[in-house]
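Hi everyone, thanks for coming along. I'd like to walk you through one model today, starting with its charged contacts and then moving to its surface. Let's bring it up on the screen.

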Amino acid sequence: MIEPLIALLVLVLIVGIVVWLVLWLISEIPMPEPFGRIARILVIIIAVLIILARALPLIGISAL
């Protein structure tokens, strides 16, 4: 049981670093405000979905 939790922790760290980098890149690119906000929201939603897809099987819910 501990190995999947460690794998999930590593995944959360990697996804967090990648999301931070992408959000930083989005903030450095000059974009009109609605598009920048939409891009940031999409990045966060995708990151949450990736983490949920890996975490749900740990609690017994199949994620497809």
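Let me begin with Glu-33, which pairs with Arg-40 in a salt bridge where the closest N and O atoms lie 3.5 Å apart. Please keep in mind that this is a predicted model.

How exposed is Arg-40? Its relative accessible area is 30%, so Arg-40 is partly exposed. Glu-33 is also in the partly exposed class, because its relative accessibility is 45%.

Now, which other side chain meets Glu-33 in a salt bridge? That would be Arg-37, with an N to O distance of 3.5 Å. If you follow helix α2, which covers residues 33-55, you'll see that Arg-37 and Glu-33 are four residues apart, so about one helical turn separates them.

Put those contacts together and you get one network: Glu-33, Arg-37 and Arg-40 are joined by salt bridges that share partners. And how many salt bridges turn up when the whole structure is searched? The answer is two.

Let's turn to the nonpolar side of things. Have a look at the surface patch of about 670 Å², built from Met-1, Ile-2, Leu-5, Ile-6, Val-10, Ile-14 and Val-18. One of its members, Met-1, sits in the segment before α1, the helix that spans 2-28. Is Met-1 buried or exposed? With a relative accessible area of 66%, Met-1 is exposed, since the cut-off for that class is over 50%.

That's my tour, and I'm happy to rotate the view for anyone who wants another look.

Technical notes: Residues numbered from 1 in each chain as written. Predicted model: local features only at pLDDT ≥ 70, side-chain atom pairs only at ≥ 80, totals over all residues. Heavy atoms only, no water. Salt bridge = Lys/Arg side-chain N within 4 Å of Asp/Glu carboxyl O. Helix = DSSP H or I, 4+ residues; strand = E, 2+ residues; numbered from the N terminus. Buried < 20%, exposed > 50% of the residue type's maximum accessible area, 1.4 Å probe, protein only. Patch = residues over 30% accessible without salt bridge, like charges linked within 9 Å, V, L, I, M, F, W, Y side chains within 5 Å. Areas by Shrake-Rupley, 256 points an atom, 1.4 Å probe, with all protein chains shown as cover.
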